[in-house]
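This report describes the fold of one protein chain and then turns to several of its residues. Please keep the sequence and the structure in view while reading.

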Amino acid sequence: TFDQADSIKQAMAVLPAECKRVFLEPTGHNNIADIPRDCDIALILGNTERGNMGLARPAETYHIATPGSTDIYGINAAAIALSYWYGQ
């Protein structure tokens, strides 16, 4: 399903308890390959000016490995993560 909220905090407040939060951030602690596949997930994206690291626990943060330091627009990061998640 798709629901829209006025802020990330409001959106996270209504996530089902069993849903895992996956913050895609350039400085995330975990690799994209470690996104859980055995449960529902909520991809939480920032933008190129501001991320959401302050709202996440370290275990909830994931990054996309790139050859060099780069910022990936949130929508592109989501497409990569979903493609990997569904394709693996």
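Which pattern does the chain follow when read along the sequence? The pattern is α-β-β-β-β-α. The chain thus described has two helices and four strands. The model is a predicted one.

## Overall form

The C-alpha atoms of the chain fill a box of roughly 35 × 30 × 20 Å, taken along the principal axes. How does the radius of gyration agree with that of a compact globule? For 88 residues, a compact globule would have a radius of gyration near 12 Å, and the chain has 12 Å, so the two agree.

Contacts along the chain can be sorted by the separation of the residues in sequence. Among the contacts with a separation of 6 or more, 68% are made by residues 24 or more positions apart.

The surface and the interior may be described next. The chain exposes about 6,200 Å², and carbon and sulfur atoms supply 51% of this area. Of the 88 residues, 30% count as buried. The chain has 6 positive and 10 negative charges, and the mean positions of these two groups are 5 Å apart.

## The nonpolar core

Which residues make up the largest nonpolar core? This core has 11 residues in all: V22, L24, I32, I35, C39, I41, Y62, I64, A77, A81 and W85. At least two of these residues come from β1 (20-24), and at least two come from α2 (74-87). Helix α2 gives the most to the core, with three residues.

One of the core residues, C39, may be examined by its contacts. When residues up to four places away in sequence are not counted, C39 touches K20 and W85. Of these two partners, W85 is itself listed in the core.

## Individual residues

The table gives the accessibility of five residues.

| Residue | Relative accessible area | Class |
|---|---|---|
| I44 | 6% | buried |
| E60 | 8% | buried |
| G74 | 13% | buried |
| L15 | 26% | partly exposed |
| Y86 | 65% | exposed |

Why does I44 count as buried? A residue is called buried when its relative accessible area is under 20%, and I44 has 6%, so it belongs to that class. I44 is found in strand β3. Not counting residues up to four places away in sequence, I44 touches I8, M12, R21, V22, F23, L24 and N52. Two of these partners, V22 and L24, are also members of the largest nonpolar core. The C-alpha atoms of I44 and L55 are 10 Å apart in space, while the two residues are 11 residues apart in sequence.

E60 lies in the loop between β3 (41-45) and β4 (61-63). Is this residue buried or exposed? With 8% relative accessibility, E60 counts as buried. Its contacts, again without residues up to four places away in sequence, are with R21, V22, F23 and N30.

G74 lies in helix α2 and is buried, at 13% relative accessible area. Which residues are in contact with G74, leaving aside its neighbours within four places in sequence? They are L45 and G46. G74 and L24 are 50 residues apart in sequence, yet their C-alpha atoms are 7.9 Å apart in space.

L15 has its place in the loop between α1 (8-13) and β1. Its relative accessible area of 26% makes L15 partly exposed. Residues up to four places away in sequence aside, L15 touches R21 and A42. The C-alpha atoms of L15 and T61 are separated by 17 Å, and these residues are 46 residues apart along the chain.

Y86 is also found in helix α2. Why does Y86 count as exposed? The class of exposed residues begins over 50%, and Y86 has 65% relative accessibility, so it counts as exposed. What distance separates the C-alpha atoms of Y86 and R37? They are separated by 8.5 Å, although the residues are 49 residues apart along the chain.

Methods
Residues numbered from 1 in each chain as written. Predicted model: local features only at pLDDT ≥ 70, side-chain atom pairs only at ≥ 80, totals over all residues. Heavy atoms only, no water. Rg over C-alpha atoms; globule rule 2.2 N^0.38 Å. Buried < 20%, exposed > 50% of the residue type's maximum accessible area, 1.4 Å probe, protein only. Contact = heavy atoms within 4.5 Å. Areas by Shrake-Rupley, 256 points an atom, 1.4 Å probe, with all protein chains shown as cover. Lys, Arg positive; Asp, Glu negative; His and termini not counted. Charge placed at Lys NZ, Arg CZ, Asp CG, Glu CD. Core = buried A, V, L, I, M, F, W, Y, C linked by side-chain atoms within 4.5 Å.
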